[in-house]
Structures are given as structure tokens and as C-alpha cells.
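Colleague: I'm new to reading protein models. Could we go through this one together, one question at a time?

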Amino acid sequence: MIEANELTKRYGRTTAVRGLSFTVRPGHVTGFLGPNGAGKSTTLRMILGLNRPTSGTALVGGRPFGALPRGLRDVGALLDARDVHHGYTARAHLSVLARSNTIPRRRVGEVLEEVGLAQAATRRIGGFSLGMKQRLGIAAALLGDPPVLVFDEPVNGLDPEGVLWLRTLLRRLAAEGRTVFVSSHLMSEMESTAEQLVVIGRGELIAAESLTAFAARGTRRRVAVRTPDADALAPALLAAGASVEAGTDGLLTVTGLPATRIGELASHTRAVLHELIPRSSSLEEAFMELTADSVEYTTAGDVR
Amino acid sequence: MTIALPAATVPRPRFRDLLASEWLKLWSLRPTRWAFPLTALIVVGIGVNGALADYRNFPQYSEGVRENFVPTWALRDAFPVASAMVLMLIVGTLGALSVVNEYASGLIRTTMAAVPARRSLLSAKVLVVTGVTAVFGVAVVAVSFTVTQAILSGRGVSLSFGDPDVLPSLAASAALAPMSALVGLGFGVLLRHGAATVAVTALVLVLLPSFVGQEEAWTAAVKFALPLNAWQNLATVAPLHVPPPYTPSPTHSWVVLAVWPLLATAAALALVRRRDL
């Protein structure tokens, strides 16, 4: 279990994290979402005792992590896969960490096997791709067989096969009763993995709830409808409370109604549908909507 | 519903495992493995070169030099100033790299997330670095002494370990290695940046002494507070008829050689605990 209580971090005049409170419970994967620069990494560093909160507390298993003598058996963490020294081999890197925490040597071979790096064990990390470093970081996190796992953007650099592997791993770790806290700036990554979400923007909490509850917040879902009978369908959609934008070639962009309802209305008005496509998942929509005001870096044309 | 994890028996944290971990960390890096033998070769080589020159030129030396050759010049050949400077520079750099490597690469975050007890972690590193460099210093100085004196014995002007002044002189030379390593390590924690740390370490250990004279009482005080000069005061025996002004006592110089690494270590331990990574 991870508990953040009124966690605040200021760097000079900028506030990276402001009054953040949430609880991450064992037994399921909890996604930690926010746009770039929202304060996710700062929060994770405070949880791991690497950065000192300006005020507030972060507890792991009821204690501040920084007060523990050794960490690997309590929390396995992958903060940045590049936090390694290129001169070591994968095996040496893990052996140093294992030894510092009184973890038997055979565990190094086991975790290398687990993450698929057994073949690269004696290669120096300097020659690793980012994906391989992610796997090495995950191996390090698993070394102590910890009840709590924290991963910061673990998908970066992984190939599609690696992403699939990671999702399975995260779900398995959670199913084993562990607390699994995974950050990402992409909702789509979380959809198929997380059951719980902690969403932040500009260092403040936006939501801490189940995935289902969060998805229900998306109100402005858009659906692309292509029909030769736009003249008949559009008034019906408008009457049902949607807003409709007509494009070329019979394309209607409908906002405010789910695809199922649009299908029903099409049936009632006997409009032929050629396409009926939800433009984005409700989760993605909810995420975009709720974080729209808190996006730190936007391109000039992207002002909302 | 939470499934309880198998209650594994968690061993008590052991400091000696931190030592073993730091030992492994030091020797798993390729540069460490060749830096020590290479440094030994250079340091001993400088001594041998001087001893060979003295052996060749001995018949041409003036009566005064010949008279003072034992112990003054024989002791200098055993471990010349150039040897001391090279040793301080390289071992100081190795000490600095032992922490800067971790800070610059980001490994420090991985390490400290694994061992939140930062002071224990740094203490283990300090002890491993001290132990390794102390053994290295003793070995290099002993080899340099043995080889140079073997060369000089061909002229009958060599020293043996049992002669007066020899052991204190060699001890001071050997102490340079751990002293420099810890000063480098301290600056490493302070500055966390490779080039800056190496530059400052070299400045303090090797360059600064040549900017300070000893003609006045106060400049002499500053000069003999520097490690290289403290070493020189302990390791060399001045010819009897040229007493240098304002020379401090051996105890004073030993204190200087001890205070530098102690201050560096204390500063590092104080800094490492509170700082964000």
C-alpha cells in the first residue's frame, strides 16, 4: 500500500506537486496518469525517498520509505531505465544491487531469465537499447520479490511484443496480491492494464478512482457517422441532444451521443449507415477533457 | 480481496553486505582493473629512472652530495616528488570517480532506492575505497623502495627498511594513496560533476603547493597545511647543513594528512543525507 498525504514539492518559485493525496491499494494495477510535466516523476521520487517533500508525507506500507535500512524487499522501483552505469554488465549491475540487500546470488539469474535478458547477462549495459534497459530496470525491481512495485513510464522503448509482455507481467504481479503503481502519460496504455487510476495535472489531483468510474466522466465523446441519408439522420440526432458537424461525402461528426444510441436512431429513421466509428475511447476522452486545463506544454496551434 | 504474499524470512540488513556490494561495484568496472596496475608501473618507473641516473652519475657527484646521499638522496630515489604527484593525481581521481560515476550516470538513484540508508551506503564506499587504496599505497611504496635500493646498493649507498627515518618516510608516502582517494571522494559528493571534481581535486592536491612559498611565517603555515607539503616534510630528510625555515613538526604534518580525508568524508556524509537526487 502506498499513501500520499498532502504531498507538496516546491522548487524555488515553481510548485511541481501541490497537496497531493491518494492511496494505492494492493491486488490491482493502479495507473498513474498525467500529461508531461504534471509531476508524476517528482511524486514517485518522493514516495521512494529520493526527493524530500516540501510538506506532506508519502508512506509505503505505513512507513516513510527513506527511513528503511534497505529497500529492495519492500519496494521494487523502475524510475528511469537510464539510471545505470554503462560500464557494468547486466549481471554485475544486478549482483551489486542484490548483494547490498542481502539477496541471494541465484536471484540475479532468475530475474534476468524472467525479463528475457539471460542471453545478454554478460554484455555491458552501454550496448543496450532503451527497451533492454527497461527490461533490466524491471529485473532490478523484481530482485527483492517486493510487495510494492513502482514503475515510471515502463513502456518507453519497448517493442510491441515487449509491451504485451509487460502488461501480462503487471497483471500477474497484481494478481499475486502486490501493490502495482505504474505511471504513464498515455491513457491508451492503461486501458487494458489498470483497474484503478490516479490522475494528476499540474501537480494536483484530478481523480483517484476506478477505471470504470473515470470512463463515465467522458461526456464529449465523438462518433464519426458516414451515411447517404444525412438529411434524415441529422435532425434526429439533433433532436436527441447531440451536436452534429457535417463533413464531405456524407460524413457526420456527432458529439454527445454514444455509438449505440446513434445506431438506434439510424434504425428508427431508416438511415443507411456505411460507417459508425467511435472516434476515441471514452477513457481517452475523459483523460483529455479533464487534463485539458492542466497540460503544461502545448503547441501553438493546440490552444484549447 | 488481498492475497497475502508468502511470508519470507527477511534477513537483517548487514553492513558487511554493503561492503561486499561496494567491493563488487569497484572491481566490476573495467577502468578500475587496469588503473591500479598502470599507476603502480608509472610510480615505480619514476623511482627506478631516478635511481638508475644516480647509479650512473654517482662517481661524478661532489663530495657534499656523496656525503649526504644516505639517507637524503637515497630516500628521495625510493619515492620521488614526481611519484607522489602522480600517485595523488590518479588515486585522487579514482576516489572521485567512485562517486561521480554514480551521480553522473544516474545510477545513484537506483542505488539509493535500493539502500535508503544513505549514510551506511556512503560509509561502506568510504571504507572500501580506503582499504583498497591503503593496500595499494603500501604495495607501491614497498616495491618502489625495494627496487630503487637494490639499484643503489651497486654503489653501496642504499637503505634498508630497518634504517632510521625509513619507515616513517615510507608510511607517509603510502598514506598519500588513501588520503588522496578520500579527498577526491569528498569533492565528488560535493560537486557531483566529473570534470569539475577532477579539476578541483588536482588543484588542491598537486597544484596549490607550488603557488605558496615558505619565506614568511604565515605562508609557511598555509603551505604546510597542504597535503603534498605535509608529505614532503615527513618523507624527506633534509641535508644536515641546510635547515629550512619554519618547518613544522612531524606530528603537525601527520595531523594534516589525517585531517584532509576526515574533513572530506565528514562533509560527504553530511551532504548525502538530505540532498535530493
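Colleague: Which domains does the assignment give for chain A, and how many Å separate their centres?

Modeller: Keep in mind that this is a predicted model. The assignment splits chain A into domain 1 (2-215) and domain 2 (222-279). Taken over C-alpha atoms, the distance between the centres of these two domains is 43 Å.

Colleague: Which helix of chain A gives the largest share of the side that touches chain B?

Modeller: The contact draws on 39 residues from chain A and 36 residues from chain B. On the chain A side, 6 residues belong to the element with the largest share, helix H2 (residues 90-100) of chain A. That side as a whole has 10 charged, 13 polar and 16 nonpolar residues. So the name to remember is H2 of chain A, defined as a DSSP run.

Colleague: At what angle do helix H2 and helix H3 of chain B pack?

Modeller: Start with who touches whom: Gly47(B), Gly50(B), Ala51(B) and Asp54(B) of H2(B) meet Trp73(B), Asp77(B) and Ala78(B) of H3(B). By class, that contact has 3 nonpolar, 2 polar and 2 charged residues. The axes of H2 (residues 30-57) and H3 (residues 63-78) of chain B are 7 Å apart, and the angle is about 145°.

Colleague: Which helix gives the most residues to the largest nonpolar core?

Modeller: In soluble globular proteins, nonpolar side chains tend to be buried together. Here the largest core has 147 residues, and Leu94(A), Ala139(A), Val150(A) and Leu185(B) touch the most other members. Beyond its close sequence neighbours, Leu185(B) is in contact with residues including Val99(B), Val126(B) and Ala268(B). With 13 residues, the top contributor is helix H7 (residues 166-191) of chain B.

Colleague: How many residues of strand E8 of chain A are buried?

Modeller: Look at the two faces of the strand. Gln196(A), Val198(A) and Ile200(A) point one way from E8(A), while Leu197(A), Val199(A) and Gly201(A) point the other way, and all are buried. For E8 (residues 196-201) of chain A, the count is therefore 6 of 6, with buried meaning 20 or more other C-beta atoms within 10 Å.

Colleague: Which residue in E9(A) stands opposite Val198(A)?

Modeller: E8(A) has strand E3 (residues 29-33) of chain A as a parallel partner, joined by 4 bridges. With E9 (residues 204-210) of chain A, E8(A) runs antiparallel, through 6 bridges. These two strands form a hairpin with 2 residues between them, and Arg202(A) in the turn has a positive phi of about 50°. Across from Val198(A) in E9(A) you will find Ala208(A).

How values were computed: Residues numbered from 1 in each chain as written. Chains lettered and ligands numbered in written order. Predicted model: local features only at pLDDT ≥ 70, side-chain atom pairs only at ≥ 80, totals over all residues. Domains from an automatic or database assignment. Contact = placed C-beta atoms within 7 Å. Nonpolar A, V, L, I, M, F, W, Y, C, P; charged D, E, K, R; others polar. Axes fitted to C-alpha atoms, helices over the stretch in contact; angles between N-to-C directions. Core = buried A, V, L, I, M, F, W, Y, C linked by C-beta atoms within 7 Å. Buried ≥ 20, exposed ≤ 12 C-beta atoms within 10 Å, placed from the backbone. Pairing = 2+ DSSP bridges. Lists of a residue's contacts leave out its neighbours within four places in sequence.
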